[in-house]
Amino acid sequence: MDTLKRRKVRDLLKAEPGIEVLAKGWVRTKRGNRQVKFIALNDGSTINNIQVVAEAGKFDEQLLKDITTGASIAVKGHLVPSIGSGQAVEIQASEIELYGTCDPVRYPLQKKDTSLEFLRSIAHLRLRTNTFGAVLRIRNAMAFAIHKFFYDKGFVYLHTPLITESDAEGAGDMFQVTTLDLANVPVHGGKVDFSKDFFGKKTSLTVSGQLEGELGATAVGEIYTFGPTFRAENSNTPRHLAEFWMIEPEMAFYDIEDNMELAEEFVKFLVQYALDNCMDDLRFLNDKYDDGLVERLRSVLGIDFERVTYTRAVEILEDAVAHGVQFEYPVHWGTDFQSEHERYLVEKHFGRPVILTDFPKDIKAFYMKQNDDGKTVRGMDVLFPKIGEIIGGSEREASLEKLEARIDELGMSRKNLEWYIDTRRYGTVPHSGFGLGFERLLLFVTGMANIRDVIPFPRTPKNAEF
Ligand code: ATP
Ligand code: MN
């Protein structure tokens, strides 16, 4: 058997019949009668199974009995045209080796009720399902497409640290990183003595690589980060994870217009890439969970995203409320939009993705470029159907005086930020950037409804298993 080279199911399904082949994988189903068994074999390389036909007379009876759903096998045989399996070819088995049995009574994926929620409780096995196979392959394709997009444009992939000094970014609540013995914390003057901690100061897991990204952009021009970020926000929503992946491009010499153009081109590229390269998996998810999926993906490609200021968006939402639309959270100038407001703008009012700009400075971070009105900053959020915010970004404040004034105004410590402020001190340039939440993108591309179902091992409040 081992003189033949194993080929993946994805290749075999496209191969010309008439050859000897060796396939390995897990049994999805077995059916048939006393004379012949039909085994649907999957090895994770594609959503599609290859059908193995095993004539009972050729194989040991116990072997065929042990080939149950979930069992792992190697099959040698003849690749022949298939009539009944829905595929062009199938394997006429001549040898079968059983690697591992799978007790049909105990195997959890055997049950009919494999709801997404139930699967989350057996996350080590849910990856074997068709659904997660599809999600994982799409996730992989999107990661590749992200690198391709930026590489082809000459961006430099910058690795920013995961462990950072606290209180610098202000993008969300942070997980502290410490080697101090929590049962016996060193104290000095009534406070925790962080000089005794591993780094000699208080440190946390990063909530964003942006500030370090700006250092890269103001050195090599255009960079992007793509790595995990951590937020200890206690928001148990279908759109928030405590550990998620973020892509953060940062570009010297880009103003907010350039920034919006890049963001729009970027997400359209990714959606197009998915349609071009992941259609089998998209079709599967479309048919199983969300019959508007493929249509919705196509719909964002052909149109321009709507660009609208925050102030105008508030007017639209207030007008909607005046005409009887009900929101759970109130909306007026100065409030941060909730997902329901974002979705109203995208799905009901404009019927297309929206880029919101020029937010009240008090709901945005200190580094955003201040507008001349003294009230707003040059931020931009990209809002998508079904999800709301998928990208948050801005043109950055390039003026040393204005940046320092804003840091002081917010009562933040300039001392901890001197390394960052130096970018404005030595050859400051207009620059911009944004952050795309990788799992938010995947929510859109896969049509899954819960962000926990687009990451292999979700981390959420009270949940860090596996
Ligand atoms: P939201 O208001 O939706 O909580 P945010 O404004 O706090 O998001 P940013 O700080 O702008 O988010 O982060 C940039 C991007 O990272 C967001 O547009 C979103 O796509 C993603 N993101 C932010 N927080 C999370 C999270 N907890 N889980 C998954 N993705 C997230
Ligand atoms: Mn945001």
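For this predicted model, note that Ala, Val, Leu, Ile, Met, Phe, Trp, Tyr, Cys and Pro count as nonpolar, Asp, Glu, Lys and Arg as charged, and the others, Gly among them, as polar.

Q: How many residues of the shell around ligand 1 are nonpolar, polar and charged?
A: Let's start with who sits there: 16 residues surround ligand 1, and His240, Phe244, Gly392, Gly435 and Gly437 come nearest. Gly counts as polar and Phe as nonpolar. Sorted that way, the shell around ligand 1 has 6 nonpolar, 5 polar and 5 charged residues.

Q: Which element gives the most to the shell around ligand 1?
A: Strand 13 (243–252), strand 17 (388–395), strand 18 (431–437) and helix 14 (438–446) each supply at least two of its residues. With 4 residues, the top contributor is strand 17.

Q: Why is helix 5 oblique to helix 7?
A: The axes of helix 5 (residues 130–153) and helix 7 (residues 256–277) come within 10 Å. Angles of 65 to 115 degrees count as roughly perpendicular and those over 145 as roughly antiparallel. Helix 5 is oblique to helix 7 because their axes cross at roughly 135°.

Q: What classes of residue make up the contact of helix 5 with helix 7?
A: On the helix 5 side you'll find Ile138, Ala141, Met142, Ala145, Ile146 and Phe149, which meet Phe266, Phe269, Leu270, Tyr273, Ala274 and Asn277 in helix 7. By class, that makes 11 nonpolar, 1 polar and no charged residues.

Q: Which residue in strand 3 is the bridge partner of Ile39?
A: Strands 2 and 3 belong to a closed barrel of 5 strands, running 1-2-3-5-4. Strand 2 (residues 36–42) and strand 3 (residues 50–55) run antiparallel, joined by 6 bridges. Across from Ile39, the bridge partner is Val52.

Notes
Residues numbered from 1 in each chain as written. Chains lettered and ligands numbered in written order. Predicted model: local features only at pLDDT ≥ 70, side-chain atom pairs only at ≥ 80, totals over all residues. Near = placed C-beta within 6 Å. Axes fitted to C-alpha atoms, helices over the stretch in contact; angles between N-to-C directions. Parallel < 35°, antiparallel > 145°, perpendicular 65-115°, else oblique. Contact = placed C-beta atoms within 7 Å. Pairing = 2+ DSSP bridges.
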